[in-house]
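Work through the exercises below with the sequence and the structure at hand, and try each task before reading its solution.

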Amino acid sequence: MTTRPRILTGDTPSGRLHLGHWVGSLENRVRLQADYDCFFLLANMHAFTTRAEAPDDVRRDTLEIVKDWLAAGIDPERSTLVLQTEIPAIAELSWYFAMLLPFNRVMRNPTLKTEIELKDLGDHYSFGFPLYAIGQCADILAFRAELVPVGEDQVAHIEMCREVARRFNWTYCGVDPTTKDEGHPAAGGLFPIPSALVGRVGRLAGTDGKAKMSKSLNNAIFLTDTAKEIKKKMGALYTGRQTMTEPGDVNNALFQYVRAFVKDPARVAELERRYAQGDNIGDGHVKVEVAAAIDELLSPMRGRRAALEGDAGDRRVLEILRAHTVRANAVAEETLRAAKQAMKLDFGVRSLLFP
Ligand code: TRP
C-alpha cells in the first residue's frame, strides 16, 4: 500500500466534459497523479437527485465521463476510479454525517442555492437533492482525502465537508475543539480536514462571452469537439468590438481564453498589449489563434478517445470500473469500520462485505 497523501474529486455525470472542467479541475487532476494517491469519483448517485426519471441517460453519461477522463490523461494504472453507487460505505457515512450539520446550515449552502436557481428547481426539488451536499462530504471523507481539486463553484461544498470532519473528530474522536485543522490527525481525529484546490481558471466564460461555460447553456467547447467545431464556436464569441484599431478590453471573455490556452507567455503579453492599444489587431485574428491553441490541447485527447469508442470501449471501461471498485471499497470500508468504532457502533454483528 502507498503512503502518498490522498486526493478525492469527481464529476456528476450530466453530459460530456468541456474546457471549463479542464481548466477548473481536470488539468490539476492529471498533473497531481504523480504525487498523490488519487481517487476520481463518478457521482452517479448524485445524478439521480435531479434526473431520477432518466436512468438510461445517467448510465450513458457515466460511461462517457470515464472515456473523457481517460482521454484527458487520467491513468487507470496510477489512480482509482470510484463508481459511487458501488461503494455502500459512502451512503452509510452520509447518514451519520447528516446528523452533524444543522438542517438550516445545509439549506444556506450557496452552491445549492445557485443550483436551485440555475436549474429552475423552485420549491419542487426532491428531498434527496439537498442531501447530495452531505453525500459529497461522505465521498471525500470515506477516502480520508487531504486535497480536493475542484472548480470555484464547489468550494462551498468543501467548506461544509471541513465542518463535518472537524465535528466528527471533536464529537467521536476526543479531538479538542481548539485544535488547528492541520493538527487533527495527530490529535487522534479519524479525518484529515481536507482543502480545496481551485484550478488556474476558477470560472471559465462560455462562448457566449457572458455566462459560465456549461453544457445546458449551449456555450461549451467539449473535449471531444473537432478543430472545425472549435473554430466555429470561437468565431461566434461576441465581444462588441468593431474595428482593428479600437482599443480592446483585455478583461473580456476572449482574452480569458487567450490567457487560459495560448501557451507562450510572451505571445500572450504581446496580444494583450496590441489589443489594449488597438494596434491593428482584429478579434477574428485573436480567435483563430486561440482556436489553434485549443485544438493543440484537445487533439491528443481526441486520439485517445477514438480508441475507446464502440462496444469494445464500453467493455474496457467496465473492466476498469470493476477492478477499481474493489480497490475503492477496501479503503472506504476501512474508514467506515473506524468511524463506527468511534461512534460506539462496533457491535461486530454484521461482517463487512469488503474486508
Ligand atoms: N458536485 C460535484 C460536481 O457536480 C461532483 C462531486 C461529487 C464531487 N462528490 C464530490 C467533487 C466530491 C469533489 C469531491 O461537480
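The exercises that follow concern a predicted model, and they move from the ligand to two side chains and then to a cavity.

**Exercise 1. The surroundings of the ligand**

Task: Determine which residues come nearest to the ligand, and which side chains place a polar atom beside a nitrogen atom of the ligand.

Solution: Begin with the shell, in which 13 residues lie around the ligand, and T12, L41, Q136, D139 and Q154 come nearest. By class, this shell divides into 6 nonpolar, 6 polar and 1 charged residues. Next, look at the nitrogen atoms of the ligand: one is 2.7 Å from an N or O atom in the side chain of D139, while a polar side-chain atom of Q136 lies 2.9 Å from a ligand nitrogen, and for the side chain of Q154 the corresponding distance to a nitrogen atom of the ligand is 3.0 Å. Then turn to the area: taken alone the ligand exposes 370 Å², of which the protein buries 89%. Finally, assign the shell to elements, where two or more residues each come from β1 (6-11), α7 (128-142) and β4 (147-150).

**Exercise 2. Two polar side chains**

Task: Decide whether N109 is buried or exposed, do the same for T9, and find a polar partner for the side chain of each.

Solution: Locate N109 in the loop between α5 (103-107) and α6 (110-118). Its relative accessible area is 0%, and because buried means under 20%, N109 is classed as buried. The side chain of N109 makes a polar contact with the side chain of H157, at 3.1 Å. T9, by contrast in location, is found in strand β1. With a relative accessibility of 3%, T9 also counts as buried, and a polar atom of its side chain lies 2.7 Å from the backbone oxygen of P149.

**Exercise 3. The cavity**

Task: State how many cavities of 30 Å³ or more the model contains, and describe the lining of the largest cavity.

Solution: The starting point is that rolling a probe the size of a water molecule over the atoms shows where empty space is left. The count comes to 1 cavity of 30 Å³ or more, and the volume of the largest cavity is about 30 Å³. The lining of the largest cavity is formed by D68, A71, L223, T224, M301 and R305. Two elements, α3 (55-72) and α12 (283-306), give two or more residues to this lining. Sorting the lining residues by class then yields 3 nonpolar, 1 polar and 2 charged.

Definitions and conventions. Residues are numbered from 1 along each chain as its sequence is written. This is a predicted model: local features need pLDDT of at least 70, side-chain atom pairs count only at pLDDT 80 or more; totals for chains, interfaces and linings use all residues. Side-chain values use heavy atoms; hydrogens and water are left out. On a 1 Å grid over the protein atoms alone, a cavity is a set of points where a 1.4 Å probe fits but cannot get out, and a pocket is an open set with protein on both sides within 12 Å along at least five of seven lines; lining residues have an atom within 4 Å of a point. Grid points are joined across faces, edges and corners, and a volume is the space filled by probe spheres set on the points. Helices (H or I, at least four residues) and strands (E, at least two) are DSSP runs, numbered from the N terminus. Ala, Val, Leu, Ile, Met, Phe, Trp, Tyr, Cys and Pro count as nonpolar, Asp, Glu, Lys and Arg as charged, and the others, Gly among them, as polar. A residue is near a molecule or strand if one of its heavy atoms lies within 4 Å of it. A polar contact is a pair of N or O atoms within 3.5 Å; within protein, one must be able to donate a hydrogen and the other to accept it, and residues adjacent in sequence count only if both atoms are side-chain atoms. Accessible areas come from the Shrake-Rupley method with a 1.4 Å probe; for residues, only the protein chains shown count as cover. Buried means under 20% relative accessible area, exposed over 50%, partly exposed in between (1.4 Å probe, protein chains only).
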